[in-house]
Amino acid sequence: MATVQPKTVQPPLSNANAKKPFWTLSTDDQSKALGCTQNGLSASEAAERLKRFGENADAKHRRVSPIRAILRRLLEPLSLILLAAGVVSIATGDAIGGAIIVAILAFSVGLDTFQEGHAEQAAEVLRRSVALKAEVKRDGDFVQVPVEAVVPGDVIRVRAGDIIPADALVLTASACTVNEAALTGEPYPVEKEPGAVAGTTAAEAVGGLFRGAVLQTGEAVALVVGTGSATLFGAAATALVQTEVPSPFQRDLRAYGLLTARLTLALVVVVLAINIFFGRPLLQSLLFAVALAVGLTPELLPMITTVTLSRGAVRMAKRKVIVKRLASIHDLGAMTIFCTDKTGTLTSAEIRLARSLNASGGDDPRASHLGAIAATLGGDRGAMDAALIACATDAAKGWASLERRAFDYTRRLGSVLASGAEGALLIVKGAPEAVLALCVSSRNGDAIAAMDDAARAAALARVTTLAEAGQRAVAVASRAWTGDPHELADPDEAGLVFEGLCAFEDPPKPTAKAAIARLAAAGIRLKILSGDDPVVVKRLAGLVGLGAENVLSGADIANLSDDALAVQVQSVDAYGRLAPDQKSRLVKALQAKGAIVGYLGDGINDAPALKVADVGLSVAGATGVAQAAADMILLDSDLAVVADGVEEGRRTFANILKYVRMGASSNFGNMLSMAAASLFLPFLPMLPTQILLNNLLYDVSEIGIPFDSVRPEAVARPQVWDMKALVRFAAIMGPLSSLFDMLTFGGLLFLFHAAAPEFQTGWFLESMATQILVIFIIRTNGRPWRDLPRPWLAASSLGALAVAMILPFTPPGAWFGFVTPPWRITLVLGIIVAVYLICAELVKQGWVERTR
């Protein structure tokens, strides 16, 4: 896919190009590098920078026209072979056969092009998801400008509810928290304040604002350091407009097409040369060689593939999986490693109250009860306040707010003076370190005891223990109020009684552990790639049954070379504090070792990994860009749905593989027999029109394959194309078919002394019977009488066989050069077919035993 890159690069200290992340540098250093002050730009300076740096937008791309998309598919080896076979068939007089081949190819290419238009819309979806207007300081005043007009060096102001328009360094902040879950995977609001930090990951950037994040509370003034594609958000758009690489299914189909082309060309050249060498008519020899080529061409493969995949898409839709790219159905079934984000996929992405503890660490509802009263009467409606209220919806019943002091990120606490069943009560909640420093006593049941440094240290130790369990703690304290209500100040928030801790968590989904076990049983290894804290990721891995002993962080990965990372990914199953580009780097490292990698994510930070994965999955409630980058969308964000999709993908590919194996063995065997017979027969073993009719009827017999059933062992392990195994299978079953063809030749020539028309008719009958009836043997690894085909396949196969068997005995048979064979020839041919089918079953079982 062609892309148009921004006309100039971004400043050297923007986060996309700098050696050091912008949030690790001071505002003075950034201002010097950007050539600006912290007081904003003038209108003329902004206009000049807009020309120099380009619009604050993502890399644009030119849409691929439908004609170019169709031409790209037609240039695939298999498509070229089929197109050539159709044209040659029409040119040599078989207009019907040639038209059918071309129609099948057109149907397949058209449907494929229609299904895969989603990638063209990905960057546009991303662009529409950001703010349309931004508040910037121009000529000393804050004004509204289009978001595309924001430039490096601008000073922006963002308030609660605003989408941040660019990557920026905080200059001032007031009670500012930002929701960065879609960018970093952090499920809790992140506090922002001025000042450089040493941490190099986006999750540690308390002084940095990121384009696309949402300001949840307060406001901030910030210095823009990166716009457009030079932002953390823009990197996702850049990944989405890169040229797509072929999927595993497309690569394998291409390899099969090249193999078929080489075999067809070799056979045609050899047969044509031999016939000319023996002095046979050139035109007849050419027509015979062309007919052989058409016979070897799997002209029904595009239709079988498209119909099978389309039917698989319909079946997967019933299992709550929407397929956007048909080939991804095979890729899902072939998947060997499944990578998933944590928030919203393994967890519910909804903060809930996990425990309410008293001052001694025992379970006690009082702390959460008081916390719910404070949240209802004076909270900031953040995620943790919402969780408190949800667990005690009637907690504030009978209570009234007298005064309120909002949560302050300098003090790191907030307070409410309320009147209720306990009289006037000051309730304080906030960061444990801040609240405990104001407490002089603690409550245990009805008893209140003095609180010393040791008790405070013990409480803080419990906070650390909760953090190691993946839970975040909020401390709650109170004191009885005396006197009249007044505006709350620092002196009022002193002499408090420590009531206890409220612990919050983003819990794993109830079905996650069983779904992971199901994927493991199917031969799929799961890895967690999260932007959250490694401690939290390790805890979650244990809860869902991964048992990850070692968790690598984004900082660890940044220090590893590609070779070293390729080694580490083989043994490490959990990763935390990952940047978006690190997630995609991990996927590539896994692919470098030959793994078929799937990725499930729902955030902006997942888009690059979704793009490079062999199959990308998102969920119905995901960000627009994640859905656009994905190949499939899960209507139910549950890993059990993924396991269902894997099973359906394997079932779909198993039916495609049936056609390929049948064509590579039976079809190849018959064409090989024709080529061999042409060496010693004084006439053609089968007329060109008979060969084409043979091929057409055989293809019709396989139309029911997409609707066939699949044995359980075929979906038990990842399904991939194995060209070597396919060639070995054809090398066994093909010569077996040729051996019985030779027996037929011998019987017709030496036992019945058949003339050319009788010989050609007899071999046509034997060829059609062996080719079609062996379908019921090759389609299953079990015994064919125990594993019967579905009605669709039985009807198409037996119907085509009936036409082939009856045609020589009817007047239209003469149109193809057939004659009515004597009953003795028909009887012997029936015996040969029966013995062949018995031998084919025995050989197949031997093959199955050796390949287990």
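This section describes the central sheet, two long-range helical elements and the aromatic contacts of a predicted model.

The sheet is open and consists of eight strands in the order 10-25-24-23-11-20-22-21, with mixed pairing. Its edges are formed by strand 10 (321-323) and strand 21 (551-553), each of which pairs on one side only. From one strand to the next, the twist averages 20 degrees.

Within this order, strand 11 (residues 337-340) stands between strand 23 and strand 20. Strands of a sheet pair through backbone hydrogen bonds, either parallel or antiparallel. The pairing of strand 11 with strand 20 (residues 525-529) is parallel and comprises four bridges; in this register, Ile337 is matched with Arg525 of strand 20. Strand 11 also runs parallel to strand 23 (residues 597-600), to which four bridges join it. On that side, Phe338 has Gly598 of strand 23 as its bridge partner, and Cys339 is bridged to Tyr599 of the same strand.

In a regular strand the side chains alternate between the two faces of the sheet. In strand 11 both faces are covered: Ile337 and Cys339 are buried on one side, and Phe338 and Thr340 are buried on the other. Helix 22 (residues 580-592) lies across strand 11, strand 20, strand 22 (574-576) and strand 23. The direction of helix 22 is at about 160 degrees to that of strand 23.

Two further helices were examined for their span and burial. Helix 9 (residues 248-277) contains 30 residues, and the distance from its first C-alpha to its last is 43 Å, close to the 44 Å expected at 1.5 Å a residue. Its buried residues include Phe249, Tyr256, Leu259, Leu267, Val268 and Val271, together with the polar or charged Asp252, Thr260, Thr264 and Asn275. Just after helix 9, Gly279 adopts a positive phi of about 75 degrees. For helix 31 (residues 823-851), the 29 residues should span 42 Å at 1.5 Å a residue, and the end C-alpha atoms are 42 Å apart, in agreement with that value. An α-helix has 3.6 residues a turn, so residues three or four places apart point the same way. Among the buried residues of helix 31 are Ile825, Leu829, Ile832, Val833, Tyr836, Leu837, Ala840, Lys844 and Val848. Glu841, Gln845 and Trp847 of helix 31 are buried as well.

A pair of aromatic rings is described by the distance of the centres and the angle of the planes. The model contains ten aromatic pairs. One of them joins Phe22 and Trp23 in an edge-to-face arrangement, with 5.2 Å centre to centre and 80 degrees between the planes. Both Phe22 and Trp23 are buried. Phe22 also forms an edge-to-face pair with Phe210, at 5.9 Å centre to centre and 65 degrees between the planes. Phe22 lies in the loop between strand 1 (3-4) and helix 1 (27-34), and Phe210 in the loop between strand 8 (208-209) and strand 9 (214-226), so this pair ties together parts that are 188 residues apart in sequence. The relative accessibility of Phe22 is 0%, and Phe210 is likewise buried, with a relative accessible area of 0%. Through these ring pairs, Phe22, Trp23 and Phe210 are linked into a cluster.

Charged groups are also placed over aromatic rings. The charged end of Arg157 sits over the ring of Phe142, 4.2 Å from its centre. Arg661 lies over the face of Phe729, at 4.4 Å from the ring centre.

Terms used: Residues numbered from 1 in each chain as written. Predicted model: local features only at pLDDT ≥ 70, side-chain atom pairs only at ≥ 80, totals over all residues. Heavy atoms only, no water. Phe/Tyr/Trp six-rings, centres within 6.5 Å; stacked < 30°, edge-to-face > 60°. Buried < 20%, exposed > 50% of the residue type's maximum accessible area, 1.4 Å probe, protein only. Helix = DSSP H or I, 4+ residues; strand = E, 2+ residues; numbered from the N terminus. Lys NZ or Arg CZ within 6 Å of the ring centre and 35° of its normal. Pairing = 2+ DSSP bridges. Expected span 1.5 Å × (residues − 1). Axes fitted to C-alpha atoms, helices over the stretch in contact; angles between N-to-C directions. Contact = heavy atoms within 4.5 Å.
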